[in-house]
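Morning, everyone. Please have the viewer open while I talk. I will keep this brisk.

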Amino acid sequence: MTTAPEIHTPVTGEELAHVFDEAAPPADLSVYGVEDWITMAAFWVMVGCVILQFFTRYVLNNSFAWTEEIAINALVVVVFLGASLCVRASRHIQVDFLYRYMSPGMGRIMATFVDAVRIGFFAYGTWLMYKYASLIPDEMMTTVDLPKSIIFNAVVLAFALMTLRALHVAWQNMRRGYSVLEKPEAFDGSEA
């Protein structure tokens, strides 16, 4: 099997150095949703707890027990709110290989079916987590005097956000006439 050699455009050191002279583009924070900011805050709470746990355990030889529980609960929030972020950006793992071999009409039908199943799944997950959270409203965390319902309600909120984001993505797909499954190159700039 012979492959074509890669072609690299030669760049001088001076040309490379001038790239750093250019002004950086302005930051655009409008692309971030509310869940992105809450996820980032929970992530840094988790990081702070892990660093504090490491420091107290290995430097002071007397670890704080509460840091592990807070870090674990922060990770739960990061995972589920991060999943909402992925729904909004259509970045969950997906199989688009079959869409290359389907007719455009069949691809549109299948993509619409996927959107409907995704909305149903997240709505059902919201309902299940709500039912579960309502069963244990007074259960307390082990090492911290806080109710576990804070975490469970955060997961309910995350599933509700995923449902709303999935509805919005499905609406955008219908208006656009295609989804990321049908035309992945339209979403990431690559050419399939």
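What follows is a walk through the core, the aromatic pairs, the empty space and a few single residues. Keep in mind that this is a predicted model.

Let's begin with the core. The largest nonpolar core holds 28 residues. Four of them touch the most other members: Phe 122, Met 129, Phe 159 and Met 162. Which helices feed this core with at least two residues each? They are helix 2, running 34–59, helix 3 at 66–88, helix 4 at 104–135 and helix 5 at 149–176. Helix 5 contributes the most, with 10 residues.

Now zoom in on Phe 122. Is Phe 122 buried or exposed? Its relative accessibility is 8%, so Phe 122 counts as buried, the cut-off being under 20%. Leave out residues up to four places away in sequence, and Phe 122 touches Val 87, Phe 159, Met 162, Thr 163 and Ala 166. Two of those contacts, Phe 159 and Met 162, are also on the list of residues that touch the most other core members.

Next, the rings. A pair of aromatic rings is described by the distance of the centres and the angle of the planes. The whole structure has 9 aromatic pairs. I will show two of them.

Take Phe 80 and Phe 159. Their centres are 5.7 Å apart, with 45° between the planes, and the pair is tilted. Why does this pair tie together parts that are 79 residues apart in sequence? Because Phe 80 sits in helix 3 and Phe 159 in helix 5. The two rings also fall into separate burial classes. Phe 80 is partly exposed, at 28% relative accessibility. Phe 159 is buried, at 11% relative accessible area.

The second pair is Phe 121 with Phe 122. Here the centres are 5.5 Å apart and the planes make 65°, which gives an edge-to-face pair. Phe 121 has 52% relative accessibility and counts as exposed. Its partner Phe 122, at 8%, counts as buried.

On to empty space. Rolling a probe the size of a water molecule over the atoms shows where empty space is left. Take the open kind before the closed kind.

The largest pocket has a volume of about 350 Å³. Its lining is made of 20 residues. Nearest the centre are His 92, Ile 93, Val 114, Arg 118 and Phe 122. So Phe 122 turns up again, on the pocket lining as a buried residue. Helix 3, helix 4 and helix 5 each give two or more residues to this lining. Which helix gives the most? Helix 4, with 8 residues. By class, the pocket lining splits into 13 nonpolar, 5 polar and 2 charged residues.

And the closed space? The count is 1 cavity of 30 Å³ or more. The largest cavity encloses about 30 Å³. Its lining residues are Cys 86, Val 87, Ser 90, Arg 91, His 92, Gln 94 and Arg 118. In classes, that is 2 nonpolar, 3 polar and 2 charged. His 92 and Arg 118 line this cavity, and both are among the residues nearest the pocket centre.

Stay with Ser 90 for a moment. Ser 90 is in the loop between helix 3 and helix 4. Its phi is positive, about 55°, although Ser 90 is not a glycine. Ser 90 is buried, at 13% relative accessibility.

Asn 61 also has a positive phi, about 60°, and is not a glycine either. Where is Asn 61? In the loop between helix 2 and helix 3. Asn 61 is exposed, with a relative accessible area of 69%.

Two more residues before I stop. Gln 53 is in helix 2. With 11% relative accessibility, Gln 53 counts as buried. Setting aside neighbours within four places in sequence, Gln 53 is in contact with Ser 63, Phe 64, Thr 67 and Glu 68.

Then Ser 149, in helix 5. Ser 149 is buried too, at 14% relative accessibility. Not counting residues up to four places away in sequence, Ser 149 touches Pro 137 and Glu 139.

To close, one residue to remember. Phe 122 touches Phe 159, pairs edge-to-face with Phe 121 and lies among the residues nearest the centre of the largest pocket. Over to you.

Conventions. Residues numbered from 1 in each chain as written. Predicted model: local features only at pLDDT ≥ 70, side-chain atom pairs only at ≥ 80, totals over all residues. Heavy atoms only, no water. Core = buried A, V, L, I, M, F, W, Y, C linked by side-chain atoms within 4.5 Å. Buried < 20%, exposed > 50% of the residue type's maximum accessible area, 1.4 Å probe, protein only. Helix = DSSP H or I, 4+ residues; strand = E, 2+ residues; numbered from the N terminus. Contact = heavy atoms within 4.5 Å. 1 Å grid on protein atoms, 1.4 Å probe; cavity = no way out; pocket = protein on both sides within 12 Å on 5 of 7 lines; lining within 4 Å. Points joined across faces, edges and corners; volume = space filled by probe spheres on them. Nonpolar A, V, L, I, M, F, W, Y, C, P; charged D, E, K, R; others polar. Phe/Tyr/Trp six-rings, centres within 6.5 Å; stacked < 30°, edge-to-face > 60°.
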